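Dear colleague,

Please find the structure below, handed over for your records. A description of what was found in it follows.

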Amino acid sequence: MSVLEAIGTTPLVQLPDHSSRGAIWLKLEGGNPTGSYKDRMALAMVREAERDGRLAPGQGVVEYTGGSTGSSLALVCALTGHPLHIITSDAFAMEKLRTMEAFGAHLEVIPSPTGITPDLITRLRARAAEVAAELGAYQTDQFNNRDMVHGYEQMGQEIVDALPSADAYCGYIGTAGCFLGVTHALRASWPDIRLVAVEPAESAVLSGGPPGTHRIEGGGVGFVPPQLTPADFDEVIAVSTADAFAKARAAAPEWGVFSGPSTGANLVAAEQLATRLGPGSTVVTVQVDTGLKYLAGELYR
């Protein structure tokens, strides 16, 4: 088996039971080669573009990313022979930026000292388009790339294969690729499953609020992802940065789940759902990545 073939087929574990709520099952995506579920989408975006000729052998790749997508693309591009140019920001964890560089990616870092602001992703995306034109590179453009949705469908099928049924699934929304890919597979097998989008309370755009600044990396980009429609989810749960951080910190000693703030947000939402649905229900969510990516930042400081 190669490293790329090791992407996926991660464990699905049940969190310790509480008599007052339903069961929570967690997909441990930190078990992927770079420690993130983004390995799935990176592999799909590169391989599908190679297959249909959008990406030529040895051609460069450009992406704008907060880090996990960049780390995953850096791994995949290194092993498939594509130079990678990343547009990113110092608003994201330094561990992620260093991981991208470790795999050989070239980084252009856009300053954003106050954090993930409403206009940050827009600025990164605009610069990525400029660099792609300058270099004649293939722009994976994760927010608009349908291949990344296909890359997550297998995760949904893995959940279906592991459980007899589930009442709800919740997931933090970034590009919405994971949410769309996973829920497509879940709803095909369990038509009545409740699909819940998770977003930062400080930038609750899906809930109808204004964009704002927050610290939950991996989502809350200040606009509705272009591939996500109201028909794709049944409700939205908004989680504050403080609550996401607190849950991520607590989950390590209490449940053995070592992760970042977006997983913390998922766990907050999952507990709310499992409590509301009550004993006997089943809620599924995702450990987005490993906590090793956040040790130098404020989460575990």
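**Findings**

At 65% relative accessibility, T9 counts as exposed, because a value over 50% is the mark of an exposed residue. The model under discussion is a predicted one. T9 belongs to the segment that comes before strand 1 (12–14). Its backbone deserves a remark: the phi of T9 is near 50 degrees, a positive value in a residue that is not glycine. Most residues other than glycine have a negative phi. D141 likewise has a positive phi without being glycine, here near 45 degrees. D141 is placed in the loop that runs between strand 6 and helix 5 (147–162).

**The sheet of four strands**

One open sheet has 4 strands, arranged in the order 5-4-3-6 with parallel pairing. Its edges are formed by strand 5 (106–110) and strand 6 (138–139), each of which pairs on one side only. Within the sheet, strand 3 (residues 61–64) and strand 4 (residues 84–89) are joined in the parallel sense over 4 bridges. V62 is found opposite H85 of strand 4. Helix 2 (residues 68–80) lies across strand 3 and strand 4, and its direction is at about 170 degrees to strand 4.

Strand 5 also serves to locate T117, which sits in the loop between that strand and helix 4 (120–135). Is T117 buried or exposed? With a relative accessible area of 11%, T117 is buried, because the cut-off for a buried residue is under 20%. Setting aside residues up to four places away in sequence, T117 touches S112, R123 and T213.

**The sheet of six strands**

A further open sheet has 6 strands in the order 1-2-10-7-8-9, and its pairing is mixed. Strand 1 and strand 9 (235–239) are the edge strands, each pairing on one side only. On average, neighbouring strands of this sheet are turned by 25 degrees against each other, direction ignored. Strand 8 (residues 194–200) runs parallel to strand 9, and 5 bridges join the two. In this pairing, V196 has E235 of strand 9 as its bridge partner. Helix 5 packs on the sheet, where it touches strand 1, strand 2 and strand 10, and the direction of helix 5 makes about 135 degrees with that of strand 2.

**Helix 5 and its surroundings**

Which residues of helix 5 are buried? They are D147, M148, V149, G151, Y152, M155, G156, E158, I159 and V160. The elements that cover them include strand 1, strand 2 (23–28), helix 1 (38–52), helix 6 (177–189) and strand 10 (282–287).

D147 may be taken as an example from this helix. D147 counts as buried because its relative accessibility is 9%. Leaving aside neighbours within four places in sequence, D147 is in contact with A44, M45, E48, A49 and R54.

Helix 1 packs against helix 5 at an angle of about 130 degrees, and the two axes are 7 Å apart. Helix 1 and helix 5 are therefore oblique to each other. The crossing of helix 1 past helix 5 is right-handed. On the side of helix 1, the residues that take part are K38, R40, M41, A44, M45, E48 and A49, and they meet D147, M148, G151, Y152, Q154, M155 and E158 of helix 5. Sorted by class, this contact has 7 nonpolar, 2 polar and 5 charged residues.

**Helix 7 and helix 8**

The last pair to report is that of helix 7 (residues 241–255) and helix 8 (residues 261–277), which pack at an angle of about 85 degrees with their axes 7 Å apart. Helix 7 and helix 8 are therefore roughly perpendicular to each other, since angles of 65 to 115 degrees count as such. D243, A244, F245, K247, A248, A251 and W255 in helix 7 are met by P261, G264, A265, L267, V268 and E271 in helix 8. By class, the contact of helix 7 with helix 8 has 9 nonpolar, 1 polar and 3 charged residues.

Yours sincerely

Technical notes: Residues are numbered from 1 along each chain as its sequence is written. This is a predicted model: local features need pLDDT of at least 70, side-chain atom pairs count only at pLDDT 80 or more; totals for chains, interfaces and linings use all residues. Side-chain values use heavy atoms; hydrogens and water are left out. Two strands pair if DSSP finds at least two bridges between them. Contact means heavy atoms within 4.5 Å. Axes are lines fitted to C-alpha atoms, for helices over the stretch in contact, and angles run from 0 to 180 degrees between N-to-C directions. Buried means under 20% relative accessible area, exposed over 50%, partly exposed in between (1.4 Å probe, protein chains only). Angles under 35 degrees count as roughly parallel, over 145 as roughly antiparallel, 65 to 115 as roughly perpendicular and the rest as oblique. A crossing is left-handed if the near helix is turned anticlockwise from the far one by less than a right angle, and right-handed if clockwise. Ala, Val, Leu, Ile, Met, Phe, Trp, Tyr, Cys and Pro count as nonpolar, Asp, Glu, Lys and Arg as charged, and the others, Gly among them, as polar.
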